[in-house]
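Work through the exercises below with the structure open. Each task is followed by a stepwise solution.

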Amino acid sequence: MTTDSDTARDIASLEVYDPRDGSLVGALEEATLDEVRAAVAAARAARPGWAGTDAAVRGKLLEAAAAALQEHAGELAEMNARETGRPEHEALEGVMAGAGTLRQYAQLGPVHRGRSLRGGRLAADYTVNEPRGVAVVLTPWNDPVAVAAGLLGAALATGNTVLHKPSERCPHLGSLLGRILSDVLPPQVMTTLNGGPAVGDALASHPDVDVIAHVGSSLTGARIARAAALTGAHVIRENGGNDPLIVDDGVDPLWAAEQAAVGAFTNSGQICTSVERIYVHRGIAGPFCDALTAEARSRNTDGLMAPLVDRRLRDSVHAQVAGALSLGAAVAEGGTVPEGPGAHYPATVLLDCAEHMAVMQQETFGPVAPVQVVDSFDDGLKLAADGRYGLAATVLTTDMEHAHRAVAALQVGTVKVNAVFGGAPGGSAQPRRDSGAGFGYGPELLDEFCVVKVVHLGLPGGALP
């Protein structure tokens with residue numbers, strides 16, 4: 001039973017407003033601490049049955065979950081648009097990507113195997129992958145279905161029971177996703193808990209949680225890592241980034257500007273691997289900056305920019321822009337908070353930026369392209385390699401020696417050469433420094449949700465060979 005003090009402390013309402021027009025989407029109650037404890041206990045009780053389920057059966061259930069996701073794709077995309085402002089067609093692409101990821105893990109789970117070891121001729125030595133146990137999955141709002149499906153799919157495919165807390169910025173979407181998936185799974189195998197930082201803290205610090213997967217801010221990720229250090233839970237984190245783009249001399253400045261605009265303005269800059277700072281060689285800086293400004297202006301003029309998720313984020317983005325201007329940067333396009341309802345912010349290009357500005361040092365997570373002109377590729381590479389983040393980086397160059405040197409020098413999880421987005425399926429990276437730790441996607445994510453047991457089978461004493 002919840003005490004009066006627990007009720008006052010734990011029960012709160014999550015109100016969400018449509019960032020397009022400021023209208024109320026709805027309100028949901030946060031989970032109480034008692035509900036968190038009960039959910040962990042239920043997940044632990046369900047763990048042996050789910051871990052003991054044949055991997056092929058788990059795979060078939062994940063296939064059914066993917067089909068259910070597709071069946072409700074329109075409903076999910078509509079709610080995503082209402083809570084986060086993402087255009088509905090883009091939200092639908094995220095839902096379909098999530099369904100595809102569930103199918104991938106449905107197929108990968110049954111073939112996730114151990115290894116045969118070389119030991120004595122009359123003995124058998126091998127390894128077995130076993131689920132860690134109870135998994136807490138904490139997911140973001142910027143691509144909520146696709147990201148959640150990846151982590152949930154890998155955790156479930158390997159036999160873990162799961163407690164999922166979606167972002168408090170999209171709780172209605174999280175609840176809907178939870179109902180769709182849990183309806184095709186055995187009871188208590190997957191539970192959705194809505195709430196803000198207090199609920200996340202309660203889950204991350206619970207002693208009966210075995211693994212925590214988090215995609216979100218670096219500050220939150222650091223708190224989770226500290227909490228897990230006390231409980232012994234394994235932590236997988238993909239956190240913030242301040243991803244650089246190096247534009248080398250000799251590339252087509254119009255093409256480079258298109259790449260920079262896609263990297264900085266897609267999803268209104270609300271992507272973990274968005275282009276957050278640009279270093280352009282002086283030899284092409286003029287035409288590049290003109291073309292980038294034109295790219296931003298066309299997006300603003302054509303009304304292509306979706307709003308930011310809420311006004312709190314917009315205030316943070318604009319504070320970085322204003323700070324850069326106060327330190328000598330110049331606005332080529334955008335940079336002003338528009339009047340009217342919602343959380344809109346224009347595509348913004350900042351010129352004359354310098355490394356001491358917050359917009360070049362911190363994650364912005366908005367449609368801002370800050371540009372610093374450099375005298376050489378080496379100068380740009382040195383600046384790009386600096387900083388506390390290590391998520392991703394992009395290099396646009398026609399010089400393969402420069403490309404190889406960048407790959408060696410950039411201490412990030414992913415280096416992209418001549419494309420700001422894209423890559424082969426199955427790639428899986430480990431972020432560095434404040435950007436996180438562990439494989440957050442791909443086949444290697446199955447390993448993160450497992451522990452390895454070594455088995456040695458020898459002959460009984462006295463047995464004849």
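A residue counts as exposed when its relative accessible area is over 50%, as buried when the area is under 20%, and as partly exposed in between. The model is a predicted one.

**Exercise 1. Classify Asp352: is it buried or exposed? Then state where it lies and describe its phi.**

Step 1. The relative accessibility of Asp352 is 55%, so Asp352 counts as exposed.
Step 2. Asp352 sits in the loop that runs between strand S13 (348-351) and helix H13 (358-361).
Step 3. Its phi is near 60 degrees. That is a positive value, and Asp352 is not a glycine.

**Exercise 2. Do the same for Asn418: find its place, its phi and its accessibility class.**

Step 1. Asn418 belongs to the loop between S17 and strand S18 (432-433).
Step 2. Phi of Asn418 is near 65 degrees, again a positive value in a residue other than glycine.
Step 3. With 29% relative accessibility, Asn418 counts as partly exposed.

**Exercise 3. At what angle do helices H8 and H9 pack, and which residues make the contact?**

Step 1. Take the two helices: H8 covers residues 197-204 and H9 covers residues 218-231. They pack at an angle of about 30 degrees. Their axes are 9 Å apart.
Step 2. Angles under 35 degrees count as roughly parallel. H8 is therefore roughly parallel to H9.
Step 3. List the contact residues. H8 gives Pro197, Asp201 and Ala204. H9 gives Arg223, Ile224, Ala227, Ala228 and Thr231.
Step 4. Sort the residues of this contact by character: five are nonpolar, one is polar and two are charged.

**Exercise 4. Describe helix H15: which residues are buried, which exposed residues lie on the face turned away, and what covers the buried side?**

Step 1. H15 spans residues 400-409. Its buried residues are His402, Ala403 and Ala406.
Step 2. These buried residues cover an arc of only 100 degrees around the axis, so they lie on the same side of H15.
Step 3. Turn to the face pointing away from the buried side. It carries the exposed residues Met400, Glu401, His404 and Ala408.
Step 4. The cover over the buried residues includes helix H14 (377-384), strand S16 (392-396) and strand S17 (414-417).
Step 5. Now look at the N-terminal end of H15. Asp399 caps it, with a side-chain oxygen 2.9 Å from the backbone nitrogen of Glu401.

**Exercise 5. Zoom in on Ala406 of H15: is it buried or exposed, and which residues does it touch beyond four places in sequence?**

Step 1. Ala406 is found in helix H15.
Step 2. Its relative accessible area is 0%, so Ala406 is buried.
Step 3. Leave aside neighbours within four places in sequence. Ala406 is then in contact with Phe377, Leu381 and Val395.

**Exercise 6. Where does Arg86 lie, is it buried or exposed, and what does its side chain contact?**

Step 1. Arg86 is in the loop between helix H4 (73-84) and helix H5 (88-108).
Step 2. Its relative accessible area is 13%, so Arg86 is buried.
Step 3. The side chain of Arg86 makes a polar contact with the side chain of Glu90, at 3.3 Å.
Step 4. Set aside neighbours within four places in sequence. Arg86 then has contacts with Asn80, Ala81, Ala91, Asn142, Asp143 and Asn267.

**Exercise 7. Treat two further loop residues, Thr364 and Ala343: give the loop, the accessibility class and the contacts.**

Step 1. Thr364 lies between H13 and strand S14 (368-374), in the loop. At 3% relative accessibility, Thr364 counts as buried.
Step 2. Beyond neighbours within four places in sequence, Thr364 is in contact with Glu276, Leu313, Val317, Gln320 and Val359.
Step 3. Ala343 is in the loop between strand S12 (330-333) and S13. At 1% relative accessibility, Ala343 counts as buried.
Step 4. Beyond neighbours within four places in sequence, Ala343 is in contact with Pro19, Pro307, Leu308, Asp310, Arg311 and Arg314.

Conventions
Residues are numbered from 1 along each chain as its sequence is written. This is a predicted model: local features need pLDDT of at least 70, side-chain atom pairs count only at pLDDT 80 or more; totals for chains, interfaces and linings use all residues. Side-chain values use heavy atoms; hydrogens and water are left out. Axes are lines fitted to C-alpha atoms, for helices over the stretch in contact, and angles run from 0 to 180 degrees between N-to-C directions. Helices (H or I, at least four residues) and strands (E, at least two) are DSSP runs, numbered from the N terminus. Angles under 35 degrees count as roughly parallel, over 145 as roughly antiparallel, 65 to 115 as roughly perpendicular and the rest as oblique. Contact means heavy atoms within 4.5 Å. Ala, Val, Leu, Ile, Met, Phe, Trp, Tyr, Cys and Pro count as nonpolar, Asp, Glu, Lys and Arg as charged, and the others, Gly among them, as polar. Buried means under 20% relative accessible area, exposed over 50%, partly exposed in between (1.4 Å probe, protein chains only). The arc is that of the directions from the helix axis to the C-beta atoms. A polar contact is a pair of N or O atoms within 3.5 Å; within protein, one must be able to donate a hydrogen and the other to accept it, and residues adjacent in sequence count only if both atoms are side-chain atoms.
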